[in-house]
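Open the model in a viewer and keep the sequence panel visible. The stops below say what to select next and what is there.

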Amino acid sequence: QLNKTDFVNVVVHALCRIDPLRNFFLVRKNYESSNSRVVQTFGELVCKIWSGRRFKGSVSPHELIQAISIASRKRFKIGTQSDCKTFLAWFLNELHTGLGGS
């Protein structure tokens, strides 16, 4: 159960609606060399969300939330409510640095 992780859901859905960002993550070649588990699992989730071959109408973000929990040193974790703005800032920075930004 992904108790109190709606802040992740809101951010992921918002980011998936930004065409350049979504399109970047739909091409696995763009991020396959990244060592960041957050980058990899976010990319996988974006591909699952936008796949036309899904059997279910929903996709679980569980792996992404686990990667976020580890990368954030449990600042953002299952069972603990967090602020969307704070999480968004952290998550965008994590994606940026995970893709080679400074």
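Select glutamate 94, which is buried yet has no salt bridge. Buried means under 20% relative accessible area, exposed over 50% and partly exposed in between, with a 1.4 Å probe and protein chains only. A salt bridge is a side-chain nitrogen of Lys or Arg within 4 Å of a carboxyl oxygen of Asp or Glu. The nearest side chain of opposite charge to glutamate 94 is arginine 73, 8.6 Å away; for charge, Lys and Arg count as positive and Asp and Glu as negative, while His and the chain ends are not counted. Show what surrounds glutamate 94: leaving aside neighbours within four places in sequence, Ser36, Val38, Val39 and Ala71 are in contact with it, contact being heavy atoms within 4.5 Å.

This is a predicted model, in which local features need pLDDT of at least 70 and side-chain atom pairs count only at pLDDT 80 or more, while totals for chains, interfaces and linings use all residues. Residues are numbered from 1 along each chain as its sequence is written, and side-chain values use heavy atoms, with hydrogens and water left out.

Next, widen the selection to helix H5, where glutamate 94 is found. Helices are DSSP runs (H or I, at least four residues), numbered from the N terminus. H5 covers residues 84-98, and its 15 residues reach 20 Å from first C-alpha to last, close to the expected 21 Å; the expected span is 1.5 Å times one less than the number of residues. Which residues of H5 are buried? They are Phe87, Trp90, Phe91, Glu94, Leu95 and Gly98. These residues lie on the same side of H5, because they cover an arc of only 135° around the axis; the arc is that of the directions from the helix axis to the C-beta atoms. Now display what covers them: this includes helix H1 (6-16), helix H2 (19-26), helix H3 (37-49) and helix H4 (62-71).

Look at the two ends of H5. At the N-terminal end, aspartate 83 acts as a cap, with a side-chain oxygen 3.3 Å from the backbone nitrogen of lysine 85. After H5 comes glycine 100, with a positive phi near 100°.

Move to threonine 41 in helix H3. Is threonine 41 buried or exposed? It counts as buried, at 3% relative accessibility. A polar atom of its side chain lies 3.4 Å from the backbone oxygen of valine 38. Not counting residues up to four places away in sequence, threonine 41 touches Glu63, Leu64 and Ala67.

Glutamate 63 leads on to the salt bridges, of which a search of the whole structure finds 2. Select arginine 37 and glutamate 63: their closest N and O atoms are 3.9 Å apart. Arginine 37 lies in helix H3 and glutamate 63 in helix H4, so this pair ties together parts that are 26 residues apart in sequence. Arginine 37 is partly exposed at 47% relative accessibility, and glutamate 63 is partly exposed at 42%.

Then select arginine 22 and aspartate 19, which form a salt bridge with the closest N and O atoms 3.0 Å apart. The two are 3 residues apart in helix H2, about one helical turn. Arginine 22 is buried, with a relative accessible area of 14%, whereas aspartate 19 is partly exposed at 42%.

Finish at arginine 53, in the loop between H3 and H4. Arginine 53 is exposed, with a relative accessible area of 74%. Draw a C-alpha to C-alpha distance from arginine 53 to threonine 5: the two are 26 Å apart in space and 48 residues apart in sequence.

Definitions and conventions
A polar contact is a pair of N or O atoms within 3.5 Å; within protein, one must be able to donate a hydrogen and the other to accept it, and residues adjacent in sequence count only if both atoms are side-chain atoms.
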